[in-house]
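Here are my notes after going through the model you sent. I've kept them as numbered points so you can check each one against the coordinates.

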Amino acid sequence: MVPKLVTIERHISETQRKFPQATGEFSALLNDIALAAKIISREVNKAGLVDVLGFTGETNVHGEQVQKLDEYADAIVFKALDHTGRLCVMASEEREDIIPIPEKFPSGKYALLYDPLDGSSNIDANVSIGTIFSIYRKISGGERGLLEDCLQKGVEQVAAGYVIYGSSTMLVFTTGNGVSGFTYDPSVGEFLLSHENIKIPKRGKIYSVNEGYYDRWDEGMKKYITHLKQSDKETNRPYSARYIGSLVADFHRNLLYGGIFLYPADEKNPKGKLRLMYEANPLGFIVEQAGGYASDGQRRVLEIEPEDIHQRTPLIIGSHDDVKEAEEFLQNKR
Ligand code: AHM
Ligand code: MG
């Protein structure tokens, strides 16, 4: 049987027919992001060969500076999208300030925020890493984008997604009509629909947290993790512990199997470690679209009013009932 081949473009135009309110304007943007993903994926897959080929020093075989992969990924995303006329501004986890669209290119209606290579400290061990992105509508009045276009609450996102560079490369995204997953087929150079309408189980049996920090946690957090380890047939406890230390990979697994990921505030990181704009909001939008929930322990992540593009937040994300239960512990209600 010949399989149904659905590319990102086709999927978006078909979604548009099902949901007349969907505009399909993201088709081109997502395709440009997919192009960046293909290039980053190629480089990530070569990472292990760098030593073998002997160009770990300052220069590569072409006499060019060898960039760190995360800086390279940052530049690729920017270059794949700077000239399209669809974006008015960008912001990257790798850069201090917002990134204007070069004057020579037209300005557009959207702002793109991205974490070019999350978990990049894992590259040398061949662990899966990812690119995360988030798209907002331009709200400022002038022709070019400003900081205020980037500094919007997560509920204002119009699209968000991530690419996971794993045993295969996948692009998972939402434009507000459910979550779709595409797997990259390098032999044809296309991302093809492989996971339609992803839904996260209401309750999982996996917890993902860096338990090495146990001593730094507050009582509520300690009590919650102890609770997950205690046996109880009805609620499927004890849960299994799974922590890769690479957010996209931990999140992706929990999205498919069900489970909860926690990076709470602790003594050393009173605001948590992860970034609201580049990590928590995009994954929060995706998880909610899949039927899950994202919290900072006290409130819904998507409703946090951002003050700084690099601000950190505690992140508790995953299966709906698990995150709600964790909130009860973190708010000392249990
Ligand atoms: P990065 O943005 O510097 O790559 O850090 C983010 C990563 C996440 O991928 C992961 O969830 C977290 O840091 C792990 O932190 P820790 O090593 O403290 O558990
Ligand atoms: Mg990151």
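Helices here are DSSP runs of H or I with at least four residues, strands are runs of E with at least two, and both are numbered from the N terminus. One caution before the points: this is a predicted model.

1. The C-terminal end. With that numbering in hand, start at α9, which covers 320–330; Asn332 sits in the segment after it. Have a look at its backbone, since phi of Asn332 is near 55°, a positive value in a residue that isn't glycine. The side of things facing out is clear too: Asn332 has 58% relative accessibility, so it counts as exposed, the cut-off being over 50%.

2. A second residue of that kind. Asn197 also has a positive phi, about 45°, although it is not a glycine. You'll find Asn197 in the loop between β8 (190–195) and β9 (206–208). Its relative accessible area is 46%, and Asn197 is therefore partly exposed.

3. The magnesium site. Which residues coordinate the magnesium ion (ligand 2)? Glu93 and Glu279 do so through OE, Asp115 and Asp118 through OD, at 2.0 to 2.6 Å. Along the sequence, the donor residues are spaced E-x21-D-x2-D-x160-E. Glu93 belongs to the loop between β1 (87–92) and β2 (99–100), while Asp115 is in strand β3 (residues 110–118), so this pair ties together parts 22 residues apart in sequence. Both Glu93 and Asp115 are buried.

4. Around ligand 1. There are 14 residues around ligand 1, and those that come nearest are Asp118, Tyr213, Tyr243, Leu247 and Tyr263. Sorted by class, the shell has 5 nonpolar, 5 polar and 4 charged residues. Where does ligand 1 lie relative to the two domains? Domain 1 (8–195) and domain 2 (206–330) both give residues to the shell, so ligand 1 lies between them.

5. Polar pairs with ligand 1. Three side chains are worth checking here. Asp118 places a polar side-chain atom 2.5 Å from an oxygen atom of ligand 1, and Tyr263 does so at 2.6 Å. For Glu93, the distance from a polar side-chain atom to a ligand oxygen is 3.3 Å. Taken alone, ligand 1 exposes 480 Å², and the protein buries 78% of that. Note that Asp118 and Glu93 turn up again from the magnesium site, where both are among the coordinating residues.

6. Helix α7. Is this helix enclosed or open? In α7 (residues 247–257), 9 of the 11 residues are buried, so the helix is largely enclosed by the rest of the structure. The buried ones are Leu247, Val248, Ala249, Asp250, Phe251, His252, Arg253, Asn254 and Leu255. Leu247 is also one of the residues that come nearest to ligand 1. After α7 comes Gly258, with a positive phi near 90°.

7. Gln157 and its partners. Gln157 lies in strand β5 (residues 157–165). Its relative accessibility is 5%, so Gln157 counts as buried. What does its side chain contact? The side chains of Gln157 and Ser134 are joined by a polar contact of 2.9 Å. In addition, a polar atom of the Gln157 side chain lies 2.9 Å from the backbone oxygen of Gly154.

8. Ser140. This residue is in the loop between β4 (129–137) and α5 (147–150). Despite the loop setting, Ser140 counts as buried, at 7% relative accessibility. Its side chain makes a polar contact of 2.7 Å with the side chain of Asp149.

9. Two prolines. The peptide bond joining Arg237 and Pro238 is cis, with omega about 5°; Pro238 is in the loop between α6 (219–229) and β10 (240–241). Pro102 is in the loop between β2 and β3. At 23% relative accessibility, Pro102 counts as partly exposed. The C-alpha atoms of Pro102 and Asn210 are separated by 41 Å, with the two residues 108 apart along the chain.

Terms used
Residues numbered from 1 in each chain as written. Chains lettered and ligands numbered in written order. Predicted model: local features only at pLDDT ≥ 70, side-chain atom pairs only at ≥ 80, totals over all residues. Heavy atoms only, no water. Near = heavy atom within 4 Å. Polar contact = N/O pair within 3.5 Å; in protein donor to acceptor, adjacent residues only side chain to side chain. Areas by Shrake-Rupley, 256 points an atom, 1.4 Å probe, with all protein chains shown as cover. Nonpolar A, V, L, I, M, F, W, Y, C, P; charged D, E, K, R; others polar. Domains from an automatic or database assignment. Donors = N, O, S within 2.8 Å, 3.2 Å for Na, K, Ca; no water. Buried < 20%, exposed > 50% of the residue type's maximum accessible area, 1.4 Å probe, protein only.
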